[in-house]
Amino acid sequence: MGTAVESKTLLDMSKPIDVPLLDNTVQAFYGAGSAEERTAAERVLSELQKNPEAWTRVDAILEKSHSQQAKFFALSILEEVIKYRWGALPDEQREGIKNYISNLIIKLSTDESVFRNQKTFLNKLNIILVQVLKQEWPNKWPSFIPDLVGASKTSETLCENSMIILKLLSEEVFDFSAGHLTQAKTSELKQSLNKEFRLIHELCLFVLNASQKADLVRATLATLAAYLTWVPLGYVLESNIVELLLKLFPPAPTRNLALQCLTEVAGLTVAAEYNPHFQRLFTIFMSQLQGVLAPAVNIPLAYENGSDEEQAFIQNLALFFTAFFRAHMTSLEQGDQDRAALLAGLEYLLNISFVGDDEVLKICLDFWSFFVLNVFDSVSPNTAPGTSPRPPGGMPALSQPFLFGSGMAAAQQGRRALYSAVLSRLRLLMISRMAKPEEVIVVEDENGQIVRETMKDTDVLARYKTMHEILVYLSHLDHDDTENQMLEKLRLQLNGKEWSWGALNTLSWAIGSISGSMVEEQENRFLVTVIRDLLNLCEVTRGKDNKAVIASDIMYVVGQYPRFLRNHWKFLKTVVNKLFEFMHETHPGVQDMACETFLKITHKCKKKFVSKQVGEQDPFIVELLNNLTLTIQDLEVHQIHIFYETVGLMISADTDGHRDQYLERLMAPPNSTWRELLGQAATSPEVLQQPDAVRNMQNILATNVSVCSSLGHPFLHQLQHIYMDMLQLYGLYSQAISDSIANGGPHAAKSSGVKLMRTVKKQALRLIESFVAKCEDPDLVAQKFVPAMMDPILGDYARNVPDARDAEVLSLFAAIINELSSKMEAEVPRIFEAVFECTLQMITRNFEDYPEHRLHFFSLLRAITNNCFSTLFAMSPDQLRLVINSIIWAFRHTERNIADTGLNLLLEMLVMFERSKYATQFHQTYYMTLIQEIFAVMTDTMHKPGFKLQARILHHLFGLVSSEAIQAPLWDVQNTPGGMGAYPNNHAYVQTELAKLLQTSFPNLRPQQIEVSVRGMIELRDATAFKNHLRDLLVQTKAFASEADADLFASDAARTAEQARLAAIPGMVQPARGGEEVMGE
C-alpha cells in the first residue's frame, strides 16, 4: 500500500480517483498491512465515505477496480446517498444513477457465467435498485414493472434476477417499511404494487408453466412465497397457481419452496363457498405426500440423520399442517374422505412433534395448544371459548352427568370420538417431552452429571407453560386415559424397562402439571399411587445421582398438589419429614429444592402446621421448634434463611395467641448470638470488626429479614428488641467504613473488610424496608421508627464520603414515602437536603459510576412526586430547577431503565402540575425547555426504546396549549417585541418555536414538511395517530426529501389532521360514515 499521505489524495475531489490506490487502501483496511496502516486506511475510507461528492466516483471504481471489497465499498457510498440524500440531488443526477444501476444489472444478468460468478455483487446492486425504487417509483418511474416483466421474457438469467428484485421490493414495502418510510409513502407503494401485481402474477405463471430451468423456477417460487402473504384472494383461487404448486411439490429440487408457497395458501381464511377448493387441495397434497414421505417412516430418526434440506422439509411440513389445520380443520370434518385425510395429516404432525429439535417442537406446540382448546370448547357445553379449563370446584365442565338435547350431545361426543386416537397420542407426547418447570433446580448437565441449575432458560419455561396448558385440557378431555398413561410410564420406570433420568423427569413434571384437573377423589387415588411408587423407586435405586433425581421429582410432585396435602394431614406430615431428611442430603441442589419445596407447601398449607391435628399432642410447629437446631444443622446460610422464612409464614397463620411465643423460640438462636456479640463489644468494641463477627451480624440480620418478609406486622415483637441496637451498630460500621476509605482512598472501598461491613449496613436497611412494607400501622412507623433513624441513617448518608454511601438508603426512604404517603411530608425537606445534591453530584459525573444510586435516586424522586407532591411547591426556584435538571439528565441516560424512570417521572410530574394552581407558573419556566430536551433524545437514535413515553409526554404538552390550560403567555413578554401581543395565543407561539427548532436542527426538511409536521403534532389529539405522525417525522429527519415526496407527506398528514379536527367536534362526522366501530358500542 502507499503511504498514509498518498492515501489522502483519494479525498481530493478535484481530480479523478486513483482506483489502484483505493484498492490498496481497502486491502490495508481488511488486514493486509500493519496495525498503523490499517488505522490510517480506516481514517481515509471513513472520510471518503462522508464526502458529499464521493458518490460521483462510484462508476469509475466499479469499472476499473480489481478488488471486490473496493467495489462493495463504492456501492455502500452509493446506497447511503440514495437513502438519505436522494431528494437533494438534481433530477439529471438522479436519472443518471438510475440508468447506470439498471444498465449494469442488465449487463451482469444476461451473461450466464457472469450472472453465476458475480452473484453476491449483483445482489448488492439489486438492493440498491430497490432503494432507488422506494424513492422514484411509481411517480417518476411508472413503467418500471411493465419494463421489468417485458425484459424478463427475453432471457432466463435476466428473468431469474428480476424475480430476486421483485421479492426484495415486496419485502421492503410489506415487511421492512416501518421506521424507514412514512405512512403515506408506504401506503402509496403498497397500492402501486397491488395494481401492478397482475403483470407479476402473469410472469410467475409463465415461468412455472414454461421453464425447465431449476434455478429460475426456484427463484420464481421464492418470489411467489413473498407475494402470497398479501395478494388479493382472486389471484390464488381463480387461477391454476395451486395446481402448479402441487405439481412442483413432489420433485426434490422445488419441494421446499413449493411447500412454502402452499403454506401461505393454506393459511388463508376464506368464506364457506371456497371450502371445496381447500378440501381438494388437502386431499391431493396428502396423496402426493405419501409418495414423498411414507406414513411408516420414523420421522424423528429420519430428521436426526437427514441433510439440511431434508430437515428444512420436515420443518416446512409442520408449518404447512399447522397453518392449514388452523384455518380449515372444521371444514375437513364433514365428509368421510376429508376426515380420513385430516386424521392422516394429524398423524404426520404428531410424528413430526416427536422430532428432537426445539424449533420444530415449538411450531407443533403452538398448533396443539390451539387444537386442544378448540376440541375442549366444542365438547364442553358449559365453557365459553378461551375461558379457564378448570371450572369452579375443580369439576371439569365436560364431566357433567347430563346434557340437554341429544343432538348436541351426539355432536360433542362425535368430535371427541373423531379425535380420540390423536388426543391419546398427544398425551403421550406431552408426558414424554414435558419441559422443565421453574421449581426444578436439580438438572443433568452437558457432561451427564447431576448438578444444581445455575441459570433459568426462559425458552424452556415458556415451553413448559404451553405444554402444561395443553396437558390440562387433555386431562379434562379424558381423565382415565391421562391417568393410565402416566401410571403405565411409572410402572415401566419401576421395573427398569424404561428407567432413565430424562424419562422419569418428564413423567414427574407432567404429573405435577395436571394438578387440580381431576375430580378430588380420582386425584387422591392417583397421587397416593404416584408418591408410593416414587418412594419405592427411591428405596430400591442405588447411586447418589439416581437418588438425587428421584428426590427432586418427589419434591416437585408433592409441591404441586396442595389440595391433597391440606386434606390429608398424615401424608402432609410424612412429606415434610421427608423434606427434612433431604435437607441433610449434600448432593448439589437437593437441599435447595427441599427448602424451596417446604416454603411452597407452607404457602398453601400454613394453617395446618399451627393447628392441633387429630392424633397429635401439639401443633406441628411445636415439634419443628423443638428440633430446630438439629433440622438446620447441615444447611448452608442461604438455605437457613429460606427455612426461617417458611417458619415465619407458619407463625403468621396462628390465630390462637401463640405468635409471640413461637417467634421468640424461632429467633432464640440468632438473638443469643446477637446479645453475645454486643456484650463482648461493650468491653472491647474492636470485636465487632473481626471478620467472623461481621459475618455473624450479617447472617443474623438476614435471618430477621427473611422472617419479617413472611411474618409481616407481628414481627414488631422481635424488631422492638433489636431496633435501637441495630441503629447503633449501623453507625459504628459506618464510621469504620468512612475511616477506612479516608485513610486508604477509593480502593479501600473494595477491600474485603469494608465490603463485609457494608453488607451488615445493607441488611439493616433491608430489614427496616421489609417491616415498613408489611406494617399495618403507618402511624407507628411514622412516630416511633422514622424519627429514630433520621440521623443514624440519613445524616450518616449526608456526612459520608461518596464511596461509603449506600444506595439502599435511597431505596428505604422511597419505600417509606410510598407506604406512609402524606405522613412523611414534614420530613421530605430534610430528606431532600440530606440526599439530593450530594447524590446528584455522584451520579452526574458520567453515565457509568454508581448505577444503583442512580436508579434508587429517581425512585425516591418518583415517590416524593406521587405521594408528597405539595412539598415541591415549597422548594425554592433553584431547588425545583435542580429537580427538573436531574429528570432531564435521567431521560438523557443511555441505560434504558434509568431513561424510562426519568420519562415516567416527568410524565407523572407534568400531570400533577397540570392539576395544581401552579400549572401556569411551572410551564412558563420549563415548557419549551422540556419540549427541546424530549425532541433531542427522540431524534438522537440512542433512545429509541423510550419512544412511546417520549410521545406521551409531547402529546401531553401539546395538549396543554391546544386546551389553553395554561392561563398566561409562555413567551417572555418583557423581552419579546410586541410584548403581550407578540402572538395571538400560546398555540401560535409553540407552533412558531417548534418550526424554528425543526428548521435549525434538520436543515434537510423542506418548509412544507415542517409546517405540516408542526400542525399535526399540535392538533392531533388521538394518541395513536399522534405517535404515527411522530414516526413519520423521524423518518423524514434522516433524509432529504424530493419535492414529490414532501408534497405526498404534506397532503396525507394534512388530511389526517383535518379528519382529527372534525372528529373532535360532536356531530361533525356522521355516525353512518364513521370508520371503525367505536369501542363499547
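Ser-331 is a buried residue, since its relative accessible area is 8%, and a value under 20% counts as buried. This serine belongs to a predicted model, and its place in the chain is within helix 18, the helix that runs over residues 308-332. From there, the side chain of Ser-331 reaches the backbone oxygen of His-328 at 2.8 Å. If residues up to four places away in sequence are set aside, Ser-331 touches Asn-275, Gln-279 and Asp-338.

From this single residue one may step back to the chain as a whole. The protein chain contains 50 helices, together with 2 strands, and its C-alpha atoms fill a box of roughly 95 × 90 × 75 Å when the box is taken along the principal axes. Of the 1081 residues in the protein chain, 52% are buried, and Ser-331, as described above, is buried as well. When contacts are restricted to pairs of residues at least 6 apart in sequence, 74% of them join residues that are at least 24 apart.

One part of the chain carries an annotation from a record. In UniProt, an unreviewed entry gives residues 41-107 the label "domain: Importin N-terminal". In the model, the span of residues 41-107 is 76% helix and 0% strand, and the C-alpha atoms at its two ends lie 32 Å apart.

Further along, a cis peptide bond joins Trp-137 to Pro-138, with omega near 5 degrees. Pro-138 is placed in the loop that lies between helix 8 (119-136) and helix 9 (144-152).

How helices pack against one another can be followed in two pairs. In one of these, helix 11 (residues 183-210) and helix 14 (residues 241-248) pack at an angle of about 40 degrees, and their axes are 11 Å apart. The two helices are therefore oblique to each other, because an angle of this kind is neither under 35 degrees, as roughly parallel would require, nor within the range of 65 to 115 that counts as roughly perpendicular. The crossing of helix 11 and helix 14 is left-handed, and the residues that meet there are Leu-205, Leu-208 and Asn-209 from helix 11 and Ile-241, Leu-244 and Leu-248 from helix 14.

The other pair consists of helix 44 (residues 896-915) and helix 45 (residues 919-938), which pack at an angle of about 150 degrees, with 11 Å between their axes. This angle makes helix 44 roughly antiparallel to helix 45, because angles over 145 degrees are counted in that way. Here too the crossing is described as left-handed. On the side of helix 44, the residues taking part are Leu-903, Leu-906, Leu-910, Phe-913 and Glu-914, and they meet Ala-919, Phe-922, His-923, Leu-930 and Ile-934 in helix 45.

The loop that lies between helix 45 and helix 46 (947-963) holds Thr-941, whose phi is near 70 degrees, a positive value in a residue other than glycine. Thr-941 counts as exposed because its relative accessibility is 57%, and the limit for that term is over 50%. A positive phi is also found at Ser-821, near 55 degrees, again in a residue other than glycine. Ser-821 sits in the loop between helix 39 (807-820) and helix 40 (828-843), and its relative accessibility of 26% is why Ser-821 counts as partly exposed.

Terms used:
Residues are numbered from 1 along each chain as its sequence is written. This is a predicted model: local features need pLDDT of at least 70, side-chain atom pairs count only at pLDDT 80 or more; totals for chains, interfaces and linings use all residues. Side-chain values use heavy atoms; hydrogens and water are left out. Helices (H or I, at least four residues) and strands (E, at least two) are DSSP runs, numbered from the N terminus. Buried means under 20% relative accessible area, exposed over 50%, partly exposed in between (1.4 Å probe, protein chains only). A polar contact is a pair of N or O atoms within 3.5 Å; within protein, one must be able to donate a hydrogen and the other to accept it, and residues adjacent in sequence count only if both atoms are side-chain atoms. Contact means heavy atoms within 4.5 Å. UniProt positions are given in the numbering used here, feature names are shortened, and annotations may be inferred rather than shown by experiment. Axes are lines fitted to C-alpha atoms, for helices over the stretch in contact, and angles run from 0 to 180 degrees between N-to-C directions. A crossing is left-handed if the near helix is turned anticlockwise from the far one by less than a right angle, and right-handed if clockwise.
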